[in-house]
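Here is a short report on one model. It covers a ligand site, a sheet and a helix.

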Amino acid sequence: MTCEDIHEDLQKLTAIVVESLPEISMLNSASKLILNEYLNNTKSIDHCAIVKIQAVIDYMYEQVNIGNWREVKLFLRKTITIATFLRLVAHVELAQSMENKFIEESFKIIDFGILFGCPIDREPELLQKCASIFSKFCQKNHELEEISRDNSFEVVNLKSNYVNAYPIQIIDCPCMEDFYSNYIIKEQPVVLDNCVNHWPALDKWKNPDYFKKLAGLRTVPIELGKVYTDSDWTQKLMTIGEFIDKYIYQSNGPTGYLAQYQLFDQIPELKRDITEPEYCCFSDTDESVDVMAWFGPKGTISALHHDPKKNLLTQVVGTKQLFLFSPNDSEFLYPHSHELLNNTAQVDPRMPDLEKFPKYKNAKAYHCVLKPGQMLYIPPKWWHFVESLSISFSVSFWWN
Ligand SMILES: O=C(O)CCC(=O)C(=O)O
């Protein structure tokens, strides 16, 4: 892969992007003019063009951050995607050399577009494809050291023997019929053993260098702080490399957690290491399954909360302990009263404050320690509290 190859691959995508301009026909005419002009004549791109393209991106970024994210008009986010693509083309056109800085900057441009833009119909994976072009370039031209095996994340072996909690049943990879009738229909949690033994992730993800090599330069949102209900909790964008170095191995400072993030949509190469469980076919809709990554150091906590979808939480690296409660026990768990937080409860099941929350004594807690290769089925609306007992990577599959 040479610079010429990068040019050529981007040129092919440029033709597709030009065809998708009607998707943003509602855009103001000044911005439209800029995008049209430079997409149709990439050779005319100069430093002044970069300033104009960046101004379109900045303006769109301002627009999408006004009001409720879910109500943002799609054409604004599609414009971010298209303008980001053009910004990348401009970056390549004016590059003096293909040094590390150039590659780093390329990934920064692409990830901004992935995080704040949205897929265009003509090529839904436009920016992911751009990222792959640059990843290939990195692998070929910047030979990275071999992954060292002794640098693996530590694994903690613990038994589930929490007092005052019922252990969640563990079963060996059930047949589809058994899982459907006894757990999905009856809405019962269960730990599944030996269902993901074939996942390459179980071996590959043990090693932090694997992520650094594959995606170290990619930007992701990291949650900083102990629990999302704390007032000092915040989020920060950083590269996966920086996150691993500063937060996965950290012993002081705030906890950093790559939590509930659709990492596999951003970096499809990682998706090859896992497979969607067949049990997800028991669905009431045609909607696709949401696949979320949870990557953090020892001690990450997801406060007691519930979600609307079925969930297969799969432990890939390290160990987590979970407490579950049936939706029938909601009143004993003291959900927050604010409407934005009413799916989150105030009780910490590890050390419940019975003076403050006396009704908790009526709640029936279920507990498990989830080990690498195990999957926990969490039925919709079941309350769950999650604590990582070591460095941990989990993947959850949410579906309706
Ligand atoms: O692993 C965690 O920290 C939380 C997982 C979770 O809440 C979920 O998958 O719904």
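Which residues surround the ligand? They are Trp-294, Thr-300, Ser-302, Asp-307, Asn-311, Leu-313, His-384, Val-386, Ser-394 and Ser-396. A residue counts as near the ligand if its C-beta atom, placed from the backbone, lies within 6 Å of it. β9, β13 and β14 each give two or more residues to this shell.

This is a predicted model: local features need pLDDT of at least 70, side-chain atom pairs count only at pLDDT 80 or more, and totals for chains, interfaces and linings use all residues. Residues are numbered from 1 along each chain as its sequence is written.

| Strand | Residues |
|---|---|
| β9 | 310-317 |
| β13 | 383-388 |
| β14 | 392-399 |

Strands are DSSP runs of E with at least two residues, and helices are runs of H or I with at least four, numbered from the N terminus.

β13 also belongs to an open sheet of five strands, ordered β1-β11-β10-β13-β8, with mixed pairing. Two strands pair if DSSP finds at least two bridges between them. β1 (166-167) and β8 (301-305) are the edge strands. β8 pairs with β13 in the antiparallel sense over three bridges. There, Ile-301 stands opposite Glu-387.

Now the helix. Ala-49, Ile-53, Val-56, Ile-57 and Met-60 are the buried residues of α3 (20 or more other C-beta atoms within 10 Å of their own, C-beta atoms placed from the backbone). They cover an arc of only 95 degrees around the axis (taken from the directions from the helix axis to the C-beta atoms), which puts them on the same side of α3.

Conventions
Buried ≥ 20, exposed ≤ 12 C-beta atoms within 10 Å, placed from the backbone.
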